[in-house]
Amino acid sequence: MTLNQPKYKTTDEVDFVVIGSGAAGGILAKELSESGFRVVVLEQGPYLTEKDFVHDEIKVLNQDFLTNHPDLQPTTFRKTPQDKAKQQRALVYGRLVGGTSTHFTANFWRFHEIDFIERSKVGPIPGATLSDWPITYADLEPYYTKVEWEIGVSGQAGASPFDPPRSKPYPMPPLPVKSSGVIFERAARKLGWHPFPAPMAILSQPRPGRSACINCGFCLAFGCEVGAKSSSLATAIRFAEKTGRCEIRPNSYVHRIELDANGRATGAVYFDAQRSVQRQKAKAVVVCANGAETPRLLLLSANKQFPDGLANSSGYVGKNLMLNSGGVTTAVFEEPLNDYKGFAVSRILHDFYELDPDKVGFHGGGGLDARFDMTPIGFALGNLPPGSPRWGKGFKEVLSNNFTRTCEIFGHGTSLPVENNSFSLDPDVKDAWGLPALRLTYKDHPDDLKLSTWLNARSAELLDAAGATKMWAPPVQEQQFAVHLLGTCRMGNDPKTSVINSDHRTHDVKNLFLCDGSSLVTSGRGQPTLTIEALAFRAADRITALAKRGDLPA
Amino acid sequence: MDSHLSRRGFLSQSLTGISAVWISAHWPAMLSAATHARQSAKFSSPAKFEHFSPEQAAEVDAISARIIPTTDTPGAHEAGVVFFIDRALVTFAKDNQKTYAEGLPELQARVREMFPAAGKFSAATPEQQDKILESLDEQSRDAGRTPFRSSAGAQSFFETARVHTIMGFLIDPDSDKRGNRDGAGWKVIGRDNEHMFQPPFGYYDKDYPGWQPNPPDADKTKS
């Protein structure tokens with residue numbers, strides 16, 4: 001936390017209140033404060049820094065040190081709107097300054113041209129609300145480049161023949177290749193595919209105040225203790241604080257946005273750390289609370305004018321949720337890979353980004369990556385070959401042989417938007433503050449399941465070519481746990497079938513903007529964060545332009 | 001060697017074989033890692049139990065030593081897993097106190113029933129101990145008897161002890177959880193107890209010639 005932060009009073013009408021400090025919120029806070037606006041960022045989680053990030057698996061994974069906690073924030077799940085939801089853990093997200101970007105894998109794929117215009121290209125798909133974006137890849141390209149250069153992304157431009165055009169190379173070379181990456185690259189080439197160095201939001205070269213990756217091996221799900229992971233915490237938030245105009249206010253749980261008599265948002269109502277209700281006044285509100293909490297906040301903010309939820313005249317708030325499809329195939333090799341060293345992924349391929357439905361029998365596409373993202377306890381409890389002994393001498397033998405010799409191939413693919421798939425308010429279960437809990441309703445589109453199975457078959461083909469001594473994959477099943485939270489307040493030109501316009505302004509409330517995974521119209525091929533951040537840079541430009549021409553309330 | 005001494009000394013010890021360029025690029029990170037190591041030094045393990053009686057501790061130690069036995073490499077006993085479980089039951093796993101409170105007498109009852117001459121679990125032979133644990137393992141296919149059903153609020157005793165043993169064997173030895181003493185568990189699974197690594201990492205990347213572009217034959221029409 002820098003000393004440069006202003007301390008605004010809740011009664012000060014600041015220019016913007018930004019709700020959430022993750023991938024999108026951090027960037028909006030940076031851009032808006034750098035443009036001269038006074039900004040308060042309200043973050044429900046704590047303000048942790050590098051010194052707090054440890055390798056203690058129990059603290060981080062079992063006790064949700066960095067993530068939403070099921071005791072404080074219970075969730076429910078059901079497959080369809082006809083079912084009664086059961087209480088179960090239904091999603092995970094980063095609940096701290098920096099949000100999910102603090103603990104993510106840091107895969108940083110751009111979307112391709114097709115992701116923005118798929119509906120026009122393929123026509124309607126039964127059971128899906130597939131739609132084109134109101135913007136194209138070309139509109140977003142400068143912002144992809146901006147993200148890569150400003151936060152620090154490692155990669156090799158031009159290495160994939162399937163890559164969309166780019167205006168600039170990556171600012172730094174790829175991270176070193178891991179043994180899993182070499183195995184993947186050799187086998188993929190044998191099969192005539194086109195592997196390439198994974199673009200990762202992890203530094204391969206140091207930047208001011210941040211180290212290059214030291215390959216500590218506690219990456220996915222952990223905070224980076226040396227600032228090498230290009231999270232909003234390590235990047236955008238620090239820049240925002242430097243302006244002297246941005247206050248990061250942690251432990252501030254926003255639960256309502258109120259409107260004045262003219263239908264303008266007046267700021268945000270939140271619980272502070274002592275659970276007292278506070279009201280931060282602001283000229284405009286930007287919600288970046290993630291694809292689950294953003295729609296929940298709008299639904300919690302229902303009022304006389306919007307009885308079904310704020311800015312929900314379309315009825316689409318919370319709907320069309322996309323989680324991304326995919327599968328995992330695990331394999332064991334003869335010699336040690338020692339893949340526990342380093343970040344998760346070093347090689348990927350995009351040969352299957354755009355599959356031909358006439359050939360494969362379903363709509364969609366995806367990519368593969370080679371990785372090892374397991375930490376010792378998680379590995380021992382969940383990643384030995386099926387049928388392995390669970391304790392005793394035999395267990396110890398398998399464990400000590402396999403830990404260094406295991407890697408995984410992940411398939412990542414499209415999710416088709418389905419209207420019923422949603423986050424909504426549970427009618428019965430309440431969180432620790434007495435507010436309705438998040439309810440996940442989800443049933444994968446049949447094509448998503450077919451794609452997952454198809455990608456698993458490619459992973460098996462690849463591992464076979466690689467000479468794996470053993471491989472296995474859990475059967476593809478309908479999902480009931482959410483990590484990628486996409487599409488729940490989608491962007492569009494038609495106020496009847498979208499929640500925000502291409503400026504991220506809600507169709508219904510002039511000074512209310514939404515930007516995060518909820519803004520996405522399609523799911524991409526499984527790695528949404530770079531697109532969320534590019535949208536945030538673009539949204540900041542659009543909002544600044546609106547403010548400068550007097551199109552925001554003064 | 002005392003693990004904490006070696007952690008403190010790691011800056012000087014782990015530099016052999018690492019290039020000067022790499023060191024200068026990573027220096028801030030190494031200082032940070034050193035700070036982590038120093039912080040961890042205060043969590044030394046006194047040989048004192050916070051939850052178990054010495055008698056209970058001896059039984060739990062014996063159970064853990066069958067779940068991860070000592071072979072030609074250290075097992076749960078050498079890694080001090082019983083100290084981890086003891087602390088777990090007064091910290092993050094308080095809810096499991098009941099599981100052990102009910103499970104340990106049940107274990108004793110099975111010793112009396114199956115191997116009366118042994119007296120207590122920790123005094124039975126390893127083969128007898130395995131048979132007793134198999135009888136408690138609800139997932140063991142050859143249990144041949146009704147598994148012990150814990151009462152409301154308690155978990156399956158064997159499964160809890162199994163998971164706790166694995167956790168205590170493999171937890172970051174620099175954490176405050178008192179497990180994985182001297183990094184014994186990590187040695188067994190082949191994980192070097194270091195805060196940073198540099199390539200090559202493993203067998204398959206050690207002779208990697210560097211990135212070679214894909215041949216320009218990509219069929220950009222659909223697969």
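Two strands count as paired here if DSSP finds at least two bridges between them. Keep that in mind as you work through this predicted model.

**Exercise 1. Find out how strand 3 and strand 15 of chain A are joined, and place them in their sheet.**

*Step 1.* Look at residues 75-78 and residues 436-441 of chain A, which are strand 3 and strand 15. Four bridges join these two strands, and they run parallel.

*Step 2.* Pick out one bridge: Thr76(A) has Arg439(A) in strand 15 of chain A as its partner.

*Step 3.* Now widen the view. The sheet is open, has four strands in the order 4-3-15-14 (chain A), and its pairing is mixed. At the edges are strand 4 (86-87) and strand 14 (422-430) of chain A, each of which pairs on one side only.

*Step 4.* Finally, see what lies across the sheet strands. Helix 7 (residues 293-300) of chain A lies across strand 14 and strand 15 of chain A, and it runs at about 60° to strand 14 of chain A.

**Exercise 2. Describe how helix 6 and helix 7 of chain B pack.**

*Step 1.* Start with the geometry. Helix 6 (residues 97-114) and helix 7 (residues 126-136) of chain B pack at an angle of about 120°, and their axes are 10 Å apart.

*Step 2.* Classify the angle. Roughly perpendicular covers 65 to 115 degrees, and roughly antiparallel needs over 145. The two helices of chain B are therefore oblique to each other. The crossing of helix 6 past helix 7 of chain B is right-handed.

*Step 3.* List the residues that meet. Helix 6 of chain B brings Leu107(B), Arg110(B), Val111(B) and Met114(B), while helix 7 of chain B brings Lys131(B), Ile132(B), Ser135(B) and Leu136(B). By class, this contact has five nonpolar, one polar and two charged residues.

**Exercise 3. Work out which parts of chain A touch chain B.**

*Step 1.* Begin with the totals: 56 residues of chain A are in contact with 47 residues of chain B.

*Step 2.* Find the contributing elements. Those of chain A giving two or more residues are helix 2 (57-62), helix 5 (179-190), strand 5 (195-197), helix 9 (376-382) and helix 10 (392-402). The largest share, five residues, comes from helix 10 of chain A.

*Step 3.* Sort by class: this side of chain A has 28 nonpolar, 14 polar and 14 charged residues.

**Exercise 4. Check the radius of gyration of chain A against that of a compact globule.**

*Step 1.* Take stock: chain A has twelve helices and 17 strands, and its C-alpha atoms fill a box of roughly 70 × 50 × 50 Å.

*Step 2.* Compare. For 554 residues, a compact globule would have a radius of gyration near 24 Å; chain A has 22 Å, which agrees.

Conventions: Residues are numbered from 1 along each chain as its sequence is written. Chains are lettered from A and ligands numbered from 1 in the order in which they are written. This is a predicted model: local features need pLDDT of at least 70, side-chain atom pairs count only at pLDDT 80 or more; totals for chains, interfaces and linings use all residues. Two residues are in contact if their C-beta atoms, placed from the backbone, lie within 7 Å. Ala, Val, Leu, Ile, Met, Phe, Trp, Tyr, Cys and Pro count as nonpolar, Asp, Glu, Lys and Arg as charged, and the others, Gly among them, as polar. Axes are lines fitted to C-alpha atoms, for helices over the stretch in contact, and angles run from 0 to 180 degrees between N-to-C directions. Angles under 35 degrees count as roughly parallel, over 145 as roughly antiparallel, 65 to 115 as roughly perpendicular and the rest as oblique. A crossing is left-handed if the near helix is turned anticlockwise from the far one by less than a right angle, and right-handed if clockwise. The radius of gyration is taken over C-alpha atoms; the globule rule is 2.2 Å times the number of residues to the power 0.38.
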